[in-house]
Amino acid sequence: MKEYSELPLREKNIVLIGFMGVGKTTIGQLVAKKLYRDFIDVDQEIENRHHMSIPAIFEQMGEDYFRKVERELIVDLCTNKRLKVISLGGGAYLQEEVRNACLSHCIVFFLDLSWDCWKERLPLIVNNRPVLKNKTLEEIERLFLQRREAYSIHNSRLLTNDLDPETAANQIVESIKWTWEVYESNE
Ligand SMILES: Nc1ncnc2c1ncn2[C@@H]1O[C@H](COP(=O)(O)OP(=O)(O)OP(=O)(O)O)[C@@H](O)[C@H]1O
Ligand SMILES: O=C(O)C1=C[C@@H](O)[C@@H](O)[C@H](O)C1
Ligand SMILES: [Mg+2]
């Protein structure tokens, strides 16, 4: 059987990574639609499989359990699926096994946002992101900066400051189509 890591670039899954609230779910959905691909949101998939919200999973089963489920699901999707657009949860890419699976089999797109722009989004997400619960703004900023190190290993990056979701999705699609043309002309 053909290894997925040998897949032509055009068939590889596209994986969106980045801090919580940068727009992976919102923009990923649009990218999938524009490329006529199925969209998979890892958080939503975990919620559907458990019939529970992420905050409830954190509260009743604990973060370690959530991270294990998240890791196993992503490794499975990366190795056994193709032609998908997959949005990760904000903390997933911190796990080495997740990073390795994504980078070995998929095109990894980092959605970046400045801290100043991100701060404006906080009220939209604070109530259903357990990792933000009981943290001061200074603590959240430290986490934001710490996590940038893991996200810095990627195939492509888009700074989304001042980009509405539609424009951001168009720019990602354009960049991916350009990559397909340039890197696959000799395959
Ligand atoms: N480009 C954008 N401009 C303005 N608002 C946005 C943009 N992208 C997303 N949003 C808004 O920010 C909030 C968080 O977006 P979203 O849920 O897509 O983030 P996420 O990266 O998937 O977060 P998580 O890592 O927690 O899953 C939503 O209310 C969404 O409408
Ligand atoms: O950044 C994080 O650690 C998280 C982000 C969300 O997408 C969810 O996966 C969960 O709330 C944890
Ligand atoms: Mg999301």
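**Two ligand shells and a helix pair**

Okay, let's start at ligand 1: helix α1 supplies 4 residues to the shell around it, and that's the largest share. Keep in mind that this is a predicted model.

So how many residues surround ligand 1? There are 22, and the closest are Met-20, Gly-23, Thr-25, Thr-26 and Gly-90. As for which elements give two or more residues to that shell, they are α1, spanning 24-34, α6, spanning 115-125, and α8, spanning 165-183. If you sort the ligand 1 shell by class, you get 8 nonpolar, 9 polar and 5 charged residues.

Now over to ligand 2. Around this one you'll find Met-20, Asp-43 and Ile-54, then the glycines Gly-89, Gly-90 and Gly-91, and finally Arg-129, Pro-130 and Val-131. By class, the ligand 2 shell has 4 nonpolar, 3 polar and 2 charged residues. You may have caught two names coming back: Met-20 and Gly-90 are among the closest residues to ligand 1, and both are also around ligand 2.

Last stop, a pair of helices. People describe two packed helices by the angle between their axes and the distance between those axes. Here, α3, residues 54-61, packs with α4, residues 63-80, at an angle of about 125 degrees, and the axes are 7 Å apart. That angle makes α3 oblique to α4.

Which residues meet there? On the α3 side we have Ile-57, Phe-58 and Met-61, and on the α4 side Glu-63, Tyr-65 and Phe-66. The residues of this contact split into 5 nonpolar, no polar and 1 charged.

Methods. Residues numbered from 1 in each chain as written. Chains lettered and ligands numbered in written order. Predicted model: local features only at pLDDT ≥ 70, side-chain atom pairs only at ≥ 80, totals over all residues. Near = placed C-beta within 6 Å. Nonpolar A, V, L, I, M, F, W, Y, C, P; charged D, E, K, R; others polar. Axes fitted to C-alpha atoms, helices over the stretch in contact; angles between N-to-C directions. Parallel < 35°, antiparallel > 145°, perpendicular 65-115°, else oblique. Contact = placed C-beta atoms within 7 Å.
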